[in-house]
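Q: I'm new to this structure and would like a close look at a single part. Please take the contact between chains, follow the charged pairs from there, and finish with anything else worth a glance.

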Amino acid sequence: MIKVGNLEKSYGDQKALKGISLEVEKGELFGLIGPDGAGKTTLMRILVTLLLPDKGTATMDGLDVVADFRKIRTMVGYMPGKFSLYADLTVEENLKFFATVFGGTVEANYHLIKDIYGQIEPFKNRPAGKLSGGMKQKLALSCALIHAPKVLILDEPTTGVDAVSRKEFWEMLNNLRLLGITIMVSTPYMDEAKLCDRVALFQNGKILSVDSPKNIISGYRSKLFGVKVGTTAQRFECVGLLKQIEGVDSVFSFGESIHVSSGKASVNDKILMEYLNSHGHQGILVEQISAGIEDVFMELMRNEGK
Amino acid sequence: MKENREHTGPIIQVKDLVKKFGSFTAVDHISFEVNKGEIFGFLGANGAGKTTAIRMLCGLLEPTSGALRVAGFDGYRQREAIKRNIGYMSQKFSLYEDLTVYENFRLYAGIYGIPRKERIRKTDELLEKLKLEESRNKLVGGLPLGWKQKLAFSLALFHQPAVVFLDEPSGGVDPLTRRTFWDLIYEVAHQGVTIFVTTHYMDEAEYCDRVAIMSEGKIVALDTPAALKDQYKAESMDGVFLKIARNKE
(Lines give C-alpha, C1' and ligand atoms only; values in the text may rest on other atoms or scores of the structure.)
Protein backbone atom coordinates (compact mmCIF):
# COMPACT_ATOMS: atom_id res chain seq x y z
CA MET A 1 0.00 0.00 0.00
CA ILE A 2 2.87 2.36 0.85
CA LYS A 3 6.21 2.12 -0.94
CA VAL A 4 9.15 4.35 -0.13
CA GLY A 5 12.47 4.13 -1.99
CA ASN A 6 15.69 5.97 -1.06
CA LEU A 7 13.82 8.99 0.17
CA GLU A 8 15.92 12.03 1.08
CA LYS A 9 14.96 15.40 2.51
CA SER A 10 17.06 18.23 3.91
CA TYR A 11 16.20 21.51 5.62
CA GLY A 12 19.14 23.76 4.76
CA ASP A 13 22.20 21.75 5.74
CA GLN A 14 20.18 19.65 8.19
CA LYS A 15 19.53 16.20 6.71
CA ALA A 16 16.17 15.01 7.99
CA LEU A 17 15.90 11.85 5.88
CA LYS A 18 19.07 10.13 4.66
CA GLY A 19 17.78 7.63 2.10
CA ILE A 20 14.80 5.83 3.61
CA SER A 21 13.23 2.70 2.06
CA LEU A 22 10.28 0.73 3.38
CA GLU A 23 7.04 -0.95 2.35
CA VAL A 24 3.77 -1.16 4.20
CA GLU A 25 1.26 -3.87 3.26
CA LYS A 26 -2.45 -3.28 2.86
CA GLY A 27 -4.26 -3.56 6.18
CA GLU A 28 -1.09 -3.39 8.23
CA LEU A 29 -0.68 -1.46 11.47
CA PHE A 30 2.81 -0.10 10.93
CA GLY A 31 4.78 1.82 13.57
CA LEU A 32 7.52 4.42 13.15
CA ILE A 33 9.40 4.26 16.42
CA GLY A 34 12.06 6.79 17.29
CA PRO A 35 12.95 9.87 19.35
CA ASP A 36 12.10 13.49 18.55
CA GLY A 37 14.06 14.72 15.55
CA ALA A 38 14.58 11.25 14.03
CA GLY A 39 12.68 12.13 10.83
CA LYS A 40 9.30 10.52 11.52
CA THR A 41 7.24 13.66 10.90
CA THR A 42 9.19 14.53 7.73
CA LEU A 43 8.47 11.10 6.25
CA MET A 44 4.78 11.37 7.12
CA ARG A 45 4.44 14.86 5.68
CA ILE A 46 5.99 13.70 2.41
CA LEU A 47 3.54 10.78 2.27
CA VAL A 48 0.52 13.01 2.81
CA THR A 49 1.83 15.38 0.06
CA LEU A 50 2.49 18.34 2.37
CA LEU A 51 6.25 18.28 1.73
CA LEU A 52 8.24 17.57 -1.42
CA PRO A 53 11.11 15.08 -1.18
CA ASP A 54 14.57 16.09 -2.45
CA LYS A 55 15.33 12.65 -3.88
CA GLY A 56 13.80 9.20 -4.05
CA THR A 57 10.26 7.98 -4.59
CA ALA A 58 7.15 7.38 -2.54
CA THR A 59 3.86 5.88 -3.68
CA MET A 60 0.57 5.15 -1.96
CA ASP A 61 -1.62 2.50 -3.57
CA GLY A 62 0.50 2.94 -6.70
CA LEU A 63 0.00 6.72 -6.82
CA ASP A 64 3.04 8.99 -6.74
CA VAL A 65 3.13 11.48 -3.87
CA VAL A 66 4.42 14.25 -6.13
CA ALA A 67 2.64 13.69 -9.46
CA ASP A 68 -0.66 12.36 -8.12
CA PHE A 69 -0.94 14.49 -5.00
CA ARG A 70 -4.60 15.41 -5.58
CA LYS A 71 -5.70 11.79 -5.76
CA ILE A 72 -3.64 10.88 -2.72
CA ARG A 73 -5.25 13.59 -0.62
CA THR A 74 -8.68 12.01 -1.09
CA MET A 75 -7.52 8.54 -0.08
CA VAL A 76 -5.47 9.39 2.99
CA GLY A 77 -6.50 10.52 6.45
CA TYR A 78 -3.86 12.49 8.36
CA MET A 79 -3.70 13.37 12.01
CA PRO A 80 -0.80 15.76 12.65
CA GLY A 81 1.14 15.78 15.90
CA LYS A 82 -0.18 19.18 16.88
CA PHE A 83 -3.93 19.57 17.49
CA SER A 84 -5.07 21.02 14.17
CA LEU A 85 -8.85 21.20 14.35
CA TYR A 86 -10.77 24.45 14.60
CA ALA A 87 -10.77 25.33 18.29
CA ASP A 88 -13.73 27.72 18.00
CA LEU A 89 -15.95 25.37 16.02
CA THR A 90 -17.94 22.84 18.00
CA VAL A 91 -17.21 19.12 17.96
CA GLU A 92 -20.05 18.51 15.51
CA GLU A 93 -19.12 21.46 13.26
CA ASN A 94 -15.54 20.21 12.94
CA LEU A 95 -16.71 16.79 11.89
CA LYS A 96 -19.17 18.22 9.34
CA PHE A 97 -16.49 20.51 7.99
CA PHE A 98 -14.07 17.69 7.32
CA ALA A 99 -16.79 15.53 5.76
CA THR A 100 -17.91 18.26 3.34
CA VAL A 101 -14.36 19.33 2.42
CA PHE A 102 -14.03 15.87 0.88
CA GLY A 103 -17.46 16.16 -0.74
CA GLY A 104 -19.17 13.69 1.57
CA THR A 105 -21.51 13.67 4.54
CA VAL A 106 -21.10 12.57 8.15
CA GLU A 107 -23.96 10.07 7.72
CA ALA A 108 -22.38 8.27 4.75
CA ASN A 109 -19.38 7.04 6.73
CA TYR A 110 -20.75 7.22 10.24
CA HIS A 111 -20.21 3.46 10.70
CA LEU A 112 -16.44 4.03 10.58
CA ILE A 113 -16.38 6.46 13.47
CA LYS A 114 -19.36 5.23 15.48
CA ASP A 115 -17.29 3.63 18.27
CA ILE A 116 -14.90 6.56 18.55
CA TYR A 117 -17.20 9.52 17.94
CA GLY A 118 -19.91 7.93 20.07
CA GLN A 119 -17.75 8.61 23.13
CA ILE A 120 -17.59 12.35 22.50
CA GLU A 121 -21.03 12.81 20.94
CA PRO A 122 -22.57 13.89 24.27
CA PHE A 123 -20.31 16.95 23.99
CA LYS A 124 -21.05 17.69 20.34
CA ASN A 125 -22.00 21.32 21.03
CA ARG A 126 -18.81 22.09 22.91
CA PRO A 127 -16.07 24.11 21.14
CA ALA A 128 -13.23 21.74 20.18
CA GLY A 129 -10.71 23.96 22.00
CA LYS A 130 -12.44 23.23 25.32
CA LEU A 131 -12.13 19.44 25.15
CA SER A 132 -9.74 17.41 27.34
CA GLY A 133 -6.63 15.92 25.72
CA GLY A 134 -8.12 12.48 25.32
CA MET A 135 -11.34 13.83 23.79
CA LYS A 136 -9.46 16.10 21.37
CA GLN A 137 -7.61 13.05 20.18
CA LYS A 138 -10.83 11.13 19.56
CA LEU A 139 -12.29 14.04 17.61
CA ALA A 140 -9.12 14.41 15.54
CA LEU A 141 -9.22 10.71 14.69
CA SER A 142 -12.92 10.96 13.76
CA CYS A 143 -12.19 13.90 11.46
CA ALA A 144 -9.31 12.01 9.80
CA LEU A 145 -11.64 9.04 9.17
CA ILE A 146 -14.86 10.68 8.04
CA HIS A 147 -14.01 10.56 4.32
CA ALA A 148 -13.32 6.81 4.52
CA PRO A 149 -9.58 6.89 3.70
CA LYS A 150 -7.71 3.78 2.62
CA VAL A 151 -4.67 4.85 4.59
CA LEU A 152 -4.43 6.58 7.96
CA ILE A 153 -1.26 8.50 8.86
CA LEU A 154 -1.10 9.37 12.55
CA ASP A 155 1.76 11.50 13.87
CA GLU A 156 2.44 10.83 17.55
CA PRO A 157 -1.22 10.50 18.55
CA THR A 158 -0.34 9.28 22.05
CA THR A 159 2.23 11.92 23.00
CA GLY A 160 1.13 13.94 26.00
CA VAL A 161 -1.92 11.87 26.95
CA ASP A 162 -2.30 9.80 30.10
CA ALA A 163 -1.90 6.04 30.31
CA VAL A 164 -5.63 5.30 30.21
CA SER A 165 -6.31 7.38 27.07
CA ARG A 166 -3.24 5.89 25.44
CA LYS A 167 -4.51 2.38 25.96
CA GLU A 168 -7.95 3.27 24.62
CA PHE A 169 -6.39 4.86 21.57
CA TRP A 170 -4.45 1.73 20.67
CA GLU A 171 -7.62 -0.32 21.04
CA MET A 172 -9.33 2.02 18.56
CA LEU A 173 -6.47 1.57 16.09
CA ASN A 174 -6.75 -2.16 16.39
CA ASN A 175 -10.46 -2.00 15.55
CA LEU A 176 -9.77 0.19 12.51
CA ARG A 177 -7.21 -2.29 11.28
CA LEU A 178 -9.87 -4.98 11.42
CA LEU A 179 -11.90 -2.84 8.98
CA GLY A 180 -9.02 -3.16 6.51
CA ILE A 181 -7.59 0.34 6.84
CA THR A 182 -3.82 0.60 6.47
CA ILE A 183 -2.38 2.55 9.39
CA MET A 184 1.00 4.20 9.81
CA VAL A 185 1.52 5.56 13.31
CA SER A 186 4.57 7.22 14.87
CA THR A 187 5.56 7.26 18.53
CA PRO A 188 8.61 8.10 20.64
CA TYR A 189 7.49 5.49 23.19
CA MET A 190 9.29 2.24 22.58
CA ASP A 191 6.82 0.19 24.60
CA GLU A 192 4.13 0.90 21.99
CA ALA A 193 6.12 -0.99 19.34
CA LYS A 194 4.68 -4.30 20.50
CA LEU A 195 1.18 -3.10 19.59
CA CYS A 196 2.09 -2.86 15.87
CA ASP A 197 2.25 -5.59 13.20
CA ARG A 198 5.62 -4.31 12.04
CA VAL A 199 7.76 -1.37 13.04
CA ALA A 200 10.60 0.72 11.63
CA LEU A 201 13.11 1.88 14.23
CA PHE A 202 14.11 5.42 13.31
CA GLN A 203 17.15 7.38 14.38
CA ASN A 204 18.93 10.38 12.83
CA GLY A 205 17.06 10.22 9.52
CA LYS A 206 17.85 6.55 9.04
CA ILE A 207 16.05 3.28 9.62
CA LEU A 208 17.90 0.99 12.01
CA SER A 209 15.61 -1.97 11.42
CA VAL A 210 12.22 -2.90 9.92
CA ASP A 211 10.47 -6.04 11.14
CA SER A 212 7.79 -7.43 13.43
CA PRO A 213 8.38 -6.54 17.09
CA LYS A 214 8.96 -10.23 17.80
CA ASN A 215 11.66 -10.61 15.17
CA ILE A 216 13.32 -7.36 16.19
CA ILE A 217 13.61 -8.55 19.75
CA SER A 218 14.89 -11.98 18.78
CA GLY A 219 17.60 -10.25 16.74
CA TYR A 220 19.29 -9.13 19.96
CA ARG A 221 22.70 -10.78 19.96
CA SER A 222 24.24 -10.24 23.40
CA LYS A 223 23.50 -11.92 26.68
CA LEU A 224 21.40 -9.68 28.87
CA PHE A 225 21.16 -9.60 32.67
CA GLY A 226 18.69 -7.79 34.85
CA VAL A 227 20.10 -6.61 38.18
CA LYS A 228 17.47 -5.63 40.75
CA VAL A 229 18.70 -3.19 43.37
CA GLY A 230 16.64 -1.63 46.16
CA THR A 231 17.14 2.13 46.36
CA THR A 232 18.13 4.65 43.70
CA ALA A 233 21.24 5.56 45.71
CA GLN A 234 22.39 1.94 45.70
CA ARG A 235 21.48 1.63 42.03
CA PHE A 236 23.66 4.62 41.20
CA GLU A 237 26.66 3.00 42.87
CA CYS A 238 26.01 -0.38 41.26
CA VAL A 239 25.86 1.13 37.74
CA GLY A 240 29.37 2.48 38.31
CA LEU A 241 30.63 -0.86 39.66
CA LEU A 242 29.12 -3.01 36.92
CA LYS A 243 30.82 -0.91 34.24
CA GLN A 244 34.20 -1.92 35.70
CA ILE A 245 33.66 -5.63 35.14
CA GLU A 246 35.80 -7.14 32.40
CA GLY A 247 33.74 -8.26 29.38
CA VAL A 248 30.68 -6.12 30.14
CA ASP A 249 29.58 -4.18 27.03
CA SER A 250 26.90 -1.88 28.40
CA VAL A 251 25.20 -0.98 31.67
CA PHE A 252 21.91 0.92 31.63
CA SER A 253 19.27 1.81 34.19
CA PHE A 254 15.85 0.40 33.36
CA GLY A 255 13.59 1.80 36.02
CA GLU A 256 14.03 -0.44 39.02
CA SER A 257 16.59 -2.73 37.44
CA ILE A 258 19.89 -2.33 35.71
CA HIS A 259 20.40 -4.06 32.37
CA VAL A 260 23.89 -5.41 31.74
CA SER A 261 24.84 -6.75 28.32
CA SER A 262 27.83 -8.86 27.39
CA GLY A 263 29.04 -10.89 24.44
CA LYS A 264 31.57 -12.78 26.55
CA ALA A 265 31.04 -16.30 27.85
CA SER A 266 33.00 -15.39 30.98
CA VAL A 267 30.28 -13.02 32.17
CA ASN A 268 27.38 -14.67 33.98
CA ASP A 269 24.86 -13.88 36.70
CA LYS A 270 27.07 -15.37 39.41
CA ILE A 271 30.03 -13.16 38.54
CA LEU A 272 27.92 -10.01 38.54
CA MET A 273 26.35 -10.90 41.85
CA GLU A 274 29.65 -11.75 43.51
CA TYR A 275 31.27 -8.54 42.30
CA LEU A 276 28.49 -6.39 43.77
CA ASN A 277 28.45 -8.41 47.00
CA SER A 278 32.21 -8.00 47.40
CA HIS A 279 31.74 -4.22 47.12
CA GLY A 280 29.25 -4.12 49.95
CA HIS A 281 25.94 -4.43 48.08
CA GLN A 282 23.69 -7.11 49.50
CA GLY A 283 20.10 -8.12 48.79
CA ILE A 284 20.60 -7.98 45.04
CA LEU A 285 18.82 -10.14 42.48
CA VAL A 286 20.58 -11.00 39.21
CA GLU A 287 19.01 -13.02 36.42
CA GLN A 288 19.47 -13.54 32.72
CA ILE A 289 16.57 -11.88 30.89
CA SER A 290 15.32 -11.50 27.33
CA ALA A 291 15.72 -8.15 25.63
CA GLY A 292 13.01 -5.55 25.15
CA ILE A 293 12.65 -3.18 22.24
CA GLU A 294 14.67 -0.48 24.05
CA ASP A 295 17.61 -2.85 24.55
CA VAL A 296 17.60 -3.63 20.84
CA PHE A 297 17.27 0.03 19.89
CA MET A 298 20.33 0.91 21.96
CA GLU A 299 22.34 -2.00 20.56
CA LEU A 300 21.49 -0.91 17.02
CA MET A 301 22.42 2.68 17.88
CA ARG A 302 25.79 1.53 19.17
CA ASN A 303 26.47 -0.53 16.04
CA GLU A 304 25.44 2.41 13.88
CA GLY A 305 27.97 4.58 15.70
CA LYS A 306 30.86 2.15 15.07
CA MET B 1 29.72 10.08 51.06
CA LYS B 2 26.69 12.31 50.88
CA GLU B 3 27.41 15.97 51.47
CA ASN B 4 25.81 17.49 54.53
CA ARG B 5 23.23 20.21 54.30
CA GLU B 6 22.01 22.27 57.24
CA HIS B 7 18.50 20.92 57.18
CA THR B 8 17.83 17.51 58.69
CA GLY B 9 14.72 15.36 58.62
CA PRO B 10 12.29 15.17 55.71
CA ILE B 11 12.81 17.87 53.08
CA ILE B 12 9.14 18.01 52.18
CA GLN B 13 6.47 17.61 54.88
CA VAL B 14 2.83 17.69 53.86
CA LYS B 15 0.01 17.05 56.33
CA ASP B 16 -3.72 17.24 55.51
CA LEU B 17 -3.02 19.77 52.81
CA VAL B 18 -6.13 21.28 51.18
CA LYS B 19 -6.64 23.78 48.39
CA LYS B 20 -10.09 25.00 47.43
CA PHE B 21 -11.02 27.25 44.55
CA GLY B 22 -14.47 28.57 45.48
CA SER B 23 -16.57 25.48 46.14
CA PHE B 24 -14.20 23.19 44.19
CA THR B 25 -11.66 21.20 46.20
CA ALA B 26 -8.63 20.72 43.95
CA VAL B 27 -6.42 19.15 46.62
CA ASP B 28 -8.25 17.21 49.29
CA HIS B 29 -6.30 16.41 52.49
CA ILE B 30 -3.09 14.98 51.13
CA SER B 31 -0.24 13.91 53.42
CA PHE B 32 3.27 12.65 52.64
CA GLU B 33 6.93 13.22 53.39
CA VAL B 34 9.94 13.21 51.10
CA ASN B 35 13.42 12.55 52.46
CA LYS B 36 16.72 14.15 51.62
CA GLY B 37 18.29 12.62 48.51
CA GLU B 38 15.14 10.74 47.64
CA ILE B 39 13.74 10.56 44.10
CA PHE B 40 10.01 10.96 44.55
CA GLY B 41 7.54 10.48 41.69
CA PHE B 42 4.21 12.33 41.66
CA LEU B 43 1.69 10.96 39.19
CA GLY B 44 -1.89 11.47 38.18
CA ALA B 45 -4.13 11.94 35.18
CA ASN B 46 -4.92 15.44 33.92
CA GLY B 47 -7.21 17.19 36.38
CA ALA B 48 -6.21 15.00 39.35
CA GLY B 49 -4.94 18.00 41.30
CA LYS B 50 -1.24 17.43 40.61
CA THR B 51 -0.47 20.91 39.32
CA THR B 52 -2.26 22.63 42.21
CA ALA B 53 -0.34 20.51 44.73
CA ILE B 54 2.98 21.29 43.09
CA ARG B 55 2.24 25.01 42.93
CA MET B 56 1.80 24.94 46.70
CA LEU B 57 5.01 22.94 47.19
CA CYS B 58 6.89 25.52 45.11
CA GLY B 59 5.56 28.45 47.16
CA LEU B 60 3.50 29.79 44.26
CA LEU B 61 0.11 29.19 45.83
CA GLU B 62 -1.04 29.56 49.44
CA PRO B 63 -2.81 26.48 50.84
CA THR B 64 -6.37 26.70 52.14
CA SER B 65 -5.56 24.53 55.16
CA GLY B 66 -3.14 21.88 56.41
CA ALA B 67 0.56 21.93 57.13
CA LEU B 68 3.30 22.33 54.54
CA ARG B 69 7.06 22.66 55.00
CA VAL B 70 9.60 22.60 52.17
CA ALA B 71 13.34 22.65 52.95
CA GLY B 72 12.46 23.73 56.48
CA PHE B 73 10.32 26.69 55.40
CA ASP B 74 6.63 27.20 56.03
CA GLY B 75 4.25 26.98 53.09
CA TYR B 76 2.17 29.96 54.30
CA ARG B 77 4.55 32.51 55.79
CA GLN B 78 7.86 31.71 54.07
CA ARG B 79 6.89 31.20 50.46
CA GLU B 80 9.67 33.48 49.17
CA ALA B 81 12.27 31.46 51.08
CA ILE B 82 10.84 28.27 49.56
CA LYS B 83 11.19 29.71 46.06
CA ARG B 84 14.84 30.54 46.71
CA ASN B 85 15.58 27.02 47.95
CA ILE B 86 14.04 24.95 45.19
CA GLY B 87 14.89 24.44 41.54
CA TYR B 88 12.44 23.78 38.73
CA MET B 89 12.88 22.20 35.33
CA SER B 90 10.28 21.61 32.69
CA GLN B 91 11.33 20.09 29.42
CA LYS B 92 9.32 22.66 27.52
CA PHE B 93 9.76 25.97 29.34
CA SER B 94 13.04 26.04 31.23
CA LEU B 95 15.40 27.53 28.67
CA TYR B 96 15.32 30.64 26.53
CA GLU B 97 15.84 29.29 23.03
CA ASP B 98 16.89 32.61 21.51
CA LEU B 99 19.60 33.22 24.10
CA THR B 100 22.99 31.47 23.92
CA VAL B 101 24.01 28.77 26.38
CA TYR B 102 26.15 31.28 28.27
CA GLU B 103 23.40 33.92 28.33
CA ASN B 104 20.99 31.41 29.84
CA PHE B 105 23.47 30.82 32.66
CA ARG B 106 23.83 34.57 33.21
CA LEU B 107 20.08 35.03 33.32
CA TYR B 108 19.53 32.27 35.89
CA ALA B 109 22.44 33.39 38.03
CA GLY B 110 21.05 36.93 37.94
CA ILE B 111 17.57 35.82 38.96
CA TYR B 112 18.95 34.01 42.00
CA GLY B 113 21.39 36.81 42.88
CA ILE B 114 24.55 34.74 42.48
CA PRO B 115 27.67 36.99 42.64
CA ARG B 116 29.55 37.57 39.37
CA LYS B 117 32.78 35.78 40.36
CA GLU B 118 30.96 32.70 41.52
CA ARG B 119 28.79 32.73 38.43
CA ILE B 120 31.77 32.77 36.08
CA ARG B 121 33.57 30.03 37.96
CA LYS B 122 30.51 27.78 38.17
CA THR B 123 29.51 28.37 34.55
CA ASP B 124 32.94 27.24 33.35
CA GLU B 125 32.84 24.27 35.65
CA LEU B 126 29.41 23.13 34.47
CA LEU B 127 30.11 23.68 30.77
CA GLU B 128 33.17 21.50 31.13
CA LYS B 129 31.27 18.81 33.00
CA LEU B 130 28.48 18.78 30.41
CA LYS B 131 31.05 18.92 27.56
CA LEU B 132 29.30 21.99 26.23
CA GLU B 133 32.30 24.36 26.14
CA GLU B 134 32.26 24.54 22.35
CA SER B 135 28.58 25.42 22.34
CA ARG B 136 29.00 28.22 24.87
CA ASN B 137 28.05 30.95 22.40
CA LYS B 138 25.51 28.95 20.41
CA LEU B 139 21.79 29.63 20.60
CA VAL B 140 20.04 27.10 22.80
CA GLY B 141 17.32 26.65 20.16
CA GLY B 142 19.77 24.89 17.84
CA LEU B 143 20.98 22.29 20.35
CA PRO B 144 19.82 18.64 20.27
CA LEU B 145 17.02 17.83 22.70
CA GLY B 146 19.25 15.65 24.89
CA TRP B 147 21.69 18.53 25.45
CA LYS B 148 18.87 20.91 26.24
CA GLN B 149 17.63 18.55 28.93
CA LYS B 150 21.03 18.34 30.59
CA LEU B 151 21.46 22.09 30.36
CA ALA B 152 18.02 22.81 31.81
CA PHE B 153 18.69 20.40 34.66
CA SER B 154 22.06 22.02 35.44
CA LEU B 155 20.47 25.46 35.43
CA ALA B 156 17.78 24.30 37.84
CA LEU B 157 20.61 23.23 40.19
CA PHE B 158 22.76 26.34 39.70
CA HIS B 159 21.74 28.02 42.97
CA GLN B 160 22.21 24.75 44.93
CA PRO B 161 18.59 24.13 45.86
CA ALA B 162 17.63 21.50 48.43
CA VAL B 163 14.84 20.19 46.20
CA VAL B 164 14.50 20.21 42.45
CA PHE B 165 11.16 19.73 40.72
CA LEU B 166 11.29 17.99 37.34
CA ASP B 167 8.31 18.00 34.99
CA GLU B 168 8.41 15.08 32.54
CA PRO B 169 12.19 15.26 32.51
CA SER B 170 13.07 12.62 29.91
CA GLY B 171 10.22 12.50 27.41
CA GLY B 172 10.80 12.31 23.67
CA VAL B 173 14.52 11.44 23.57
CA ASP B 174 16.18 8.26 22.35
CA PRO B 175 16.68 5.50 24.92
CA LEU B 176 20.42 6.09 25.19
CA THR B 177 20.11 9.81 25.88
CA ARG B 178 17.34 9.06 28.31
CA ARG B 179 19.57 6.73 30.32
CA THR B 180 22.46 9.17 30.48
CA PHE B 181 19.99 11.76 31.73
CA TRP B 182 18.71 9.50 34.50
CA ASP B 183 22.31 8.69 35.43
CA LEU B 184 22.79 12.43 35.92
CA ILE B 185 19.64 12.65 38.06
CA TYR B 186 20.83 9.69 40.17
CA GLU B 187 24.21 11.34 40.63
CA VAL B 188 22.65 14.56 41.88
CA ALA B 189 20.30 12.70 44.23
CA HIS B 190 23.29 10.77 45.50
CA GLN B 191 24.90 14.08 46.47
CA GLY B 192 21.89 14.75 48.69
CA VAL B 193 19.57 16.82 46.50
CA THR B 194 15.94 15.75 46.72
CA ILE B 195 14.31 15.10 43.35
CA PHE B 196 10.57 15.55 42.88
CA VAL B 197 9.41 14.18 39.51
CA THR B 198 5.99 14.77 38.01
CA THR B 199 5.03 12.90 34.90
CA HIS B 200 2.18 11.05 33.31
CA TYR B 201 4.50 8.61 31.65
CA MET B 202 4.62 5.58 33.84
CA ASP B 203 7.99 4.34 32.67
CA GLU B 204 9.57 7.47 34.15
CA ALA B 205 7.94 6.54 37.43
CA GLU B 206 9.89 3.25 37.47
CA TYR B 207 13.09 5.23 38.06
CA CYS B 208 11.87 6.73 41.35
CA ASP B 209 12.45 5.54 44.93
CA ARG B 210 8.79 6.06 45.82
CA VAL B 211 5.77 7.10 43.86
CA ALA B 212 2.52 8.85 44.87
CA ILE B 213 -0.51 8.62 42.59
CA MET B 214 -3.16 11.33 42.77
CA SER B 215 -6.76 10.99 41.69
CA GLU B 216 -9.59 13.46 42.27
CA GLY B 217 -7.57 15.57 44.69
CA LYS B 218 -6.47 12.67 46.88
CA ILE B 219 -3.39 10.47 47.07
CA VAL B 220 -4.73 7.01 46.31
CA ALA B 221 -1.44 5.10 46.35
CA LEU B 222 2.03 5.77 47.74
CA ASP B 223 4.90 3.29 47.83
CA THR B 224 7.98 2.03 46.01
CA PRO B 225 7.32 1.03 42.39
CA ALA B 226 8.09 -2.60 43.33
CA ALA B 227 5.57 -2.61 46.18
CA LEU B 228 2.88 -0.95 44.05
CA LYS B 229 3.37 -3.48 41.26
CA ASP B 230 3.08 -6.22 43.86
CA GLN B 231 -0.02 -4.76 45.45
CA TYR B 232 -1.85 -4.25 42.14
CA LYS B 233 -0.47 -7.44 40.60
CA ALA B 234 0.83 -5.52 37.61
CA GLU B 235 4.01 -6.00 35.58
CA SER B 236 4.67 -2.31 35.12
CA MET B 237 3.67 1.03 36.59
CA ASP B 238 1.50 1.45 33.52
CA GLY B 239 -0.51 -1.55 34.71
CA VAL B 240 -0.74 -0.10 38.24
CA PHE B 241 -2.06 3.18 36.89
CA LEU B 242 -4.65 1.48 34.67
CA LYS B 243 -5.93 -0.61 37.58
CA ILE B 244 -6.23 2.44 39.83
CA ALA B 245 -8.08 4.34 37.11
CA ARG B 246 -10.48 1.42 36.64
CA ASN B 247 -11.20 1.04 40.33
CA LYS B 248 -12.34 4.63 40.32
CA GLU B 249 -15.02 4.01 37.70
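A: First, a bit of vocabulary: helices (H or I, at least four residues) and strands (E, at least two) are DSSP runs, numbered from the N terminus. Residues count from 1 along each chain as its sequence is written, while chains are lettered from A and ligands numbered from 1 in the order written. This is a predicted model, where local features need pLDDT of at least 70, side-chain atom pairs need 80 or more, and totals for chains, interfaces and linings use all residues, with side-chain values taken from heavy atoms, leaving out hydrogens and water.

Let's start where the chains meet. Chain B puts 34 residues in contact with 31 residues of chain A, contact being heavy atoms within 4.5 Å. How much area is buried between chain B and chain A? The answer is about 2,900 Å², with carbon and sulfur atoms giving 59% of that area. Three residues do a good share of the covering: Arg179(B), Tyr186(B) and Tyr201(B) supply 23% of the area that chain B buries against chain A, more than any other three residues. (Buried area is the accessible area, with a 1.4 Å probe, that two parts lose on being put together, summed over both.)

Charges join in here too. Side chains of opposite charge can pair when their charged atoms come close. Between chain B and chain A the count is two salt bridges, a salt bridge being a side-chain nitrogen of Lys or Arg within 4 Å of a carboxyl oxygen of Asp or Glu. Lys229(B) and Glu256(A) meet in a salt bridge, 3.1 Å from N to O.

Which parts of chain B make up the side that touches chain A? Helix 6 (175–190), helix 7 (202–205), helix 8 (225–231) and helix 9 (237–248) of chain B each bring at least two residues to that side. Of these, helix 6 of chain B gives the largest share, with eight residues.

Now stay with Lys229(B), which also forms a salt bridge inside its own chain. Glu206(B) is the partner there, and the closest N and O atoms are 2.8 Å apart. This pair links distant parts of the chain: Glu206(B) belongs to the loop between helix 7 and strand 9 (210–215) of chain B, and Lys229(B) to helix 8 of chain B, 23 residues away. Are these two buried or exposed? Both Glu206(B) and Lys229(B) are buried, a word that stands for under 20% relative accessible area, with exposed over 50% and partly exposed in between (1.4 Å probe, protein chains only).

Helix 6 of chain B has a charged pair of its own to show. Lys129(B) forms a salt bridge with Glu187(B), where the closest N and O atoms are 3.5 Å apart. Lys129(B) sits in helix 4 (residues 116–129) of chain B and Glu187(B) in helix 6 of chain B, so the pair ties together parts that are 58 residues apart in sequence. Lys129(B) is partly exposed at 45% relative accessible area, and Glu187(B) is partly exposed as well, at 25%.

Stepping back, a search of the whole structure turns up 22 salt bridges over all chains. One of them joins Asp28(B) and Lys218(B), whose side chains meet at 2.9 Å, N to O. Asp28(B) lies in strand 2 (residues 24–34) of chain B and Lys218(B) in strand 10 (residues 218–223) of chain B, so this pair ties together parts that are 190 residues apart in sequence. Asp28(B) counts as partly exposed at 21% relative accessibility, and so does Lys218(B) at 41%. Over in chain A, Arg166(A), Asp191(A) and Glu192(A) are linked in a network of salt bridges.

While we're in chain A, here are a few other things to glance at. Strand 7 (residues 151–154) of chain A is covered on both faces: Val151(A) and Ile153(A) on one side, and Leu152(A) and Leu154(A) on the other, are all buried.

Then there's the backbone. Most residues other than glycine have a negative phi. Asn6(A) isn't a glycine, yet its phi is positive, about 50°. You'll find Asn6(A) in strand 1 (residues 2–11) of chain A, and it is exposed, with a relative accessible area of 52%. Thr49(A) also has a positive phi, near 65°. Thr49(A) is in the loop between helix 1 (40–47) and strand 4 (55–60) of chain A and counts as buried, at 10% relative accessibility.
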